[in-house]
Amino acid sequence: MVFYWREDPGAQRLLFFLLLAIWEAGSGQLHYSVSEEAKHGTFVGRIAQDLGLELTELVPRLFRVASKGGGDLLEVNLQNGILFVNGRIDREELCGRSAECSLHLEVIVDRPLQVFHVEVEVKDINDNSPVFPMTVKNLFIYESRQLGSRFSLEGASDADIGTNSLLTYNLDSTEYFTLDVKRNNEDIKSLGLVLKKLLNREDTPEHQLLITATDGGKPELTGTTQVKVTVLDVNDNAPVFERTLYRVRLFENAPNGTLAVTVNASDLDEGVNKDIVYSFHADISAEILSKFHLDPVNGCIRVNANLDFEETKLYEIQVEATDKGNPPMTDHCTVLVEIVDINDNAPELVIKSLALPVLENSEVGTTIALISVSDRDSGTNGQVTCSLTPDTPFKLVSTFKNYYSLVLDSTLDRETTSEYKVVVTARDGGSPPLWATASVSVEVADVNDNAPVFAQAEYTVFVKENNAPGSHIFTVWARDADAQENARVSYSLVERRVGERALSSYVSVHAESGKVYALQPLDHEELELLQFQVSARDAGVPALGSNVTLQVFVLDENDNAPALLGPPGGGGGGGGARSEVLSRSVGAGHVVTKVRAVDADSGYNAWLSYELQPAAAGARSAFRVGLYTGEISTTRALDEADAARQHLLVLVKDHGEPALTATATVLVSLVDSGQSPKLSLRASEGAVASEATLVDVNVYLIIAICAVCSLLVLTLVLYVALRCSGAAVGRSEGACAPGKPVLVCSSAVGSLTYSQQRRQRVCSAVVPSNTDLMAFSPSLPPCPVNPDKAEQLAGELDFSVKVSHIFF
């Protein structure tokens, strides 16, 4: 359908509604029309309104127009959304003599991405005059030519199309010739002069004719050519072709030398005047001369160069047959060579990346890139289909003819795949088919969707007390699967109160390295277990984090010497000398007094033993002290040889490394039995009370020790079980196995100690550790005891619990 633009406003409105109706009934493509040679700024259409876009969103959404092959001939005013002419539009330059001529525009807006296709039809105007091949045409006509003889001429050509290219011819008034115009089925006009009056060279040897060609445009344009007719004598029969039109079809891959067609003409004359020479018309184009060769003798036209359907689909060749008469006579015929397409052009791909890189949390359906395909072949050979490499989270969506969008088809995970190489394959419908590929690298951008993760939920750390301030005790480390800032982890303490003090006064953690430092010396007697959490947070927005628990066990060192206690019922401490009165009549084994001491340490470091320093001059003492009870008793009956005042020095020693000691001085005054009966009785009563008190204290001590031992054993068994279950998963974490039970004698009184030693690997900031547990129980059968020691250690009831950590 062809619409003609008029200046009538009513016609303009009618044309607008017709175009709108056609667009709505079509495939959704927006159509406009504009006349060629329209002035700059000429209104084409309200493109923003027709696309349903608000004027206020054109700039924020990056409204832009891209033209394929049209340069910047059309532009859009972003203020009012009007599409207008921006440059000179020459239809003939854009489309030649093609019946249809359109500018294809891509309208792209972002946020969200949308692509519209607009077709602007370029209307032809009558801006090209008819043009004859020659301004002066020379014709040689024999005077013997009969009336009605026709002399072929080259017609004019008009670059316009349609009515604007419909030509009519007019010949200036002459009595000898009339103009003959014929139209054949190929819409090709055959122009010629017809003789209507016999020529007489002697009367008029030359005729000057003017032919005017007028096109059908408004206003009309004309072109002229001057025909100079020279009247010749002699040869009065011209060659005649057997056909005025020859049609032939050739494949574009026809090799050189292929016979296209053989033209044939005959001449009724005799002799030399009958011999015919074939040649291309003098006005033939250089392209035809380069593509074809005409044999002048036999009229064979052969292929002389490569033919390309994409360059020229049809060749119109004018051939002349000239006899050898004097003067020679000619005839003309037309050869139409139609070029048949073959599949010799692979598709072409153009990828326009619009949104790279792609965030890994992008929604399905997000447009990644625009792809346009084209094939210079025609028909099935030019029909292109596109496909993607398999196993990629993308798909192709056809948006318009030969236009595709690369969109996201499934969710992305940068931690699984950080980059995709998408290969687009375009394949035509030829036989065999040709294809082309283009690749685009789609980088997946990271988002903060992974929190830092610690290898363990809890770590156990052993630290000896009295450490140096600022010493490094452990290093925590968390892994973040994200990238760049989202994977940059910083560490901090989860602040809490430890007693009356803040956790940050005890330990600190380096924000970048995760190293944990003890800010002050730790004291086992003050704090045996310090449990706290360290937080790891990444630098993403919003930040993600996780916590890990650290259990810091403060191991005891022997840093406290034994401290002496005063006598039971007595006031004050045990730092001075102690005085006791003893009757000489007491027998062996009589308890004189008891030295009491405590140690603020624990385990072996708090396990005390008592020794009586030997008397001067090596004399055998009449007293002894219990190794673990501290009771001073007589070893024999006293006699007159014993000094009245006995000076006893008791050494109290713990079992630490090195051992720490304290000394107690006991002054014993010996009196005769008759001198101080009351004193003896009082001493006896005191001894009895002391023993009763000792029994009570020991009972409570035994109960407390058993409870503590049971709790400690249960805790260690659970801890070893958890560690061993973790070690079963990966040998890299170490192995846990119970050691060989060891039977140990704990005291000289025959009490037996059963020690189950367990060796386990413990996470420590220093080195792996080995833990030995020795629990003392009073209920086991007696162990063999040296008789000499048995008498000395009889009656002792103290029990101890020993836990030592050996680092190697």
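In which sense do β44 and strand β51 pair, and over how many bridges? In this predicted model, β44 and strand β51, the latter spanning residues 661-671, pair in the parallel sense over six bridges. Within this pairing, Glu 580 stands opposite Val 668 in β51. The two strands belong to an open sheet of four strands, in which the order is β44-β51-β50-β47 and the pairing is mixed. The edges of this sheet are occupied by β44, residues 578-583, and by β47, residues 609-612; each of these has a single partner strand, so that one side of each is left without a neighbour in the sheet. On average, and with direction ignored, neighbouring strands of the sheet are turned by 30° against each other.

The cysteine residues were examined next. The count of disulfides comes to one, and this disulfide is formed by Cys 95 and Cys 101, whose sulfur atoms lie 2.0 Å apart, a separation that falls within the 2.5 Å required for such a pair. The torsion about the S-S bond of Cys 95 and Cys 101 is about 70°, and the disulfide is therefore right-handed. As to solvent accessibility, Cys 95 is partly exposed, because its relative accessible area of 21% is not under the 20% below which a residue counts as buried. Its partner in the disulfide, Cys 101, has a relative accessibility of 2% and counts as buried. Two further cysteines were assessed by the 20% criterion: Cys 300 counts as buried at 12% relative accessibility, and Cys 386 is likewise buried, with a relative accessible area of 18%.

Internal empty space was also analysed. Rolling a probe the size of a water molecule over the atoms shows where empty space is left. The structure holds four cavities of 30 Å³ or more, and in the largest cavity there lies about 80 Å³ of space. The lining of the largest cavity is made up of Phe 132, Pro 133, Met 134, Lys 137, Leu 153, Glu 154, Thr 225, Val 227 and Asp 283. By residue class, this lining divides into five nonpolar residues, one polar residue and three charged residues. Among the nonpolar residues of the lining are Phe 132, Pro 133 and Met 134, whereas Lys 137, Glu 154 and Asp 283 supply the charged class, and Thr 225 is the polar residue.

Technical notes: Residues numbered from 1 in each chain as written. Predicted model: local features only at pLDDT ≥ 70, side-chain atom pairs only at ≥ 80, totals over all residues. Heavy atoms only, no water. 1 Å grid on protein atoms, 1.4 Å probe; cavity = no way out; pocket = protein on both sides within 12 Å on 5 of 7 lines; lining within 4 Å. Points joined across faces, edges and corners; volume = space filled by probe spheres on them. Buried < 20%, exposed > 50% of the residue type's maximum accessible area, 1.4 Å probe, protein only. Pairing = 2+ DSSP bridges. Axes fitted to C-alpha atoms, helices over the stretch in contact; angles between N-to-C directions.
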